[in-house]
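Hi,

Here is the structure I said I would pass on. Have a look at it first, and my notes on what turned up are below.

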Amino acid sequence: MRRPAHHLLVCGSFRGAEAKGVCLQKGSHGLVAYLEAEVADRGLDALVSTTGCLKACDRGPVVVVYPHGAWYGGVDEEVADEILDALEEGRASGAHRIDEP
C-alpha cells in the first residue's frame, strides 16, 4: 500500500473493547463517514481512520492530522471542511486547533 500524503485520525472513543466516550457521544462516527466522503469528493490523497480514546474528551470530537501533527477539537462538519480546505492549500488549519492534547 502506498502511504497517503495525509492521515486523519478521528477519536473513536474506544476504551478497551467498547466505544463509550465523549467523542462518540458527540458524533465522531458520523464525522468519519463525512470525512471519507469529502476526501473522495475532493480527490485528496488522504486516509481517514478511527482511533481509541485520545484522552482529550473535554475537547471532542477530536481529529489529528498527519504529517502536520495538528490536533483539532470540537470538530463538526463545518470544522472538518476548514481542515480539508487547509489541506488542499497545503497548510494546517488554525481553526479549533488544540495546542496540547
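A word on naming before anything else: helices (H or I, at least four residues) and strands (E, at least two) are DSSP runs, numbered from the N terminus. Keep in mind too that this is a predicted model.

The overall picture first. The chain has three helices and six strands, and from the N terminus on they run β-β-α-α-β-β-β-α-β. The radius of gyration is 13 Å, close to the 13 Å that the globule rule gives for 101 residues, so the chain is as compact as a globular protein of that length. Its C-alpha atoms fill a box of roughly 35 × 30 × 20 Å along the principal axes. Of the 101 residues, 44% count as buried. If you look at contacts with a separation of 6 or more, 62% of them come from residues 24 or more positions apart. The accessible surface is about 5,400 Å², and 48% of that belongs to carbon and sulfur atoms.

Now the inside. The largest nonpolar core has 20 residues, and Leu 8, Leu 35 and Val 75 touch the most other members. Strand E1 (6-15), helix H2 (28-42), E3, strand E4 (63-66), strand E5 (70-72) and helix H3 (77-88) each supply at least two residues of this core. Leaving aside residues up to four places away in sequence, Leu 8 touches a good list of partners, including Leu 35, Val 48, Val 64 and Leu 87. There is also another core apart from this one, with nine residues, among them Cys 11, Leu 54, Ala 56 and Val 62.

H2 is worth a look by itself. Its 15 residues should span 21 Å at 1.5 Å a residue, and its end C-alpha atoms are indeed 21 Å apart. The buried residues of H2 are Ser 28, Leu 31, Val 32, Tyr 34, Leu 35, Glu 38 and Val 39, and they pack against E1, helix H1 (22-25), E3, E4 and H3. After H2 comes Gly 43, with a positive phi near 70°.

On to strand E3 (residues 46-52), where you will find Thr 51. Thr 51 counts as buried because its relative accessibility is 14%, under the 20% cut-off. Setting aside residues up to four places away in sequence, it touches Leu 9, Val 10, Cys 11, Gly 12, Ser 13 and Phe 14.

The loop between E3 and E4 has a couple of backbone oddities. Lys 55 is found there, and it has a positive phi of about 60° although it is not a glycine. Lys 55 counts as exposed, at 62% relative accessibility. Pro 61 sits in that loop as well, and the peptide bond to it from Gly 60 is cis, with omega near -10°. Another cis peptide bond joins Tyr 66 and Pro 67, with omega about 20°; Pro 67 lies in the loop between E4 and E5.

How many disulfides are there? The count comes to zero. Cys 23 is in none, and the nearest cysteine sulfur, that of Cys 11, is 3.7 Å away; that is not within 2.5 Å, so the pair does not qualify. Cys 57 is in no disulfide either, with the sulfur of Cys 53 nearest at 4.0 Å. As for burial, Cys 23 is buried at 2% relative accessibility, whereas Cys 57 is partly exposed at 22%.

Cheers

Technical notes: Residues are numbered from 1 along each chain as its sequence is written. This is a predicted model: local features need pLDDT of at least 70, side-chain atom pairs count only at pLDDT 80 or more; totals for chains, interfaces and linings use all residues. Side-chain values use heavy atoms; hydrogens and water are left out. Buried means under 20% relative accessible area, exposed over 50%, partly exposed in between (1.4 Å probe, protein chains only). Contact means heavy atoms within 4.5 Å. A nonpolar core is a set of buried Ala, Val, Leu, Ile, Met, Phe, Trp, Tyr and Cys residues joined through side-chain atoms within 4.5 Å. The expected span of a helix is 1.5 Å times one less than its number of residues. The radius of gyration is taken over C-alpha atoms; the globule rule is 2.2 Å times the number of residues to the power 0.38. Accessible areas come from the Shrake-Rupley method with a 1.4 Å probe; for residues, only the protein chains shown count as cover.
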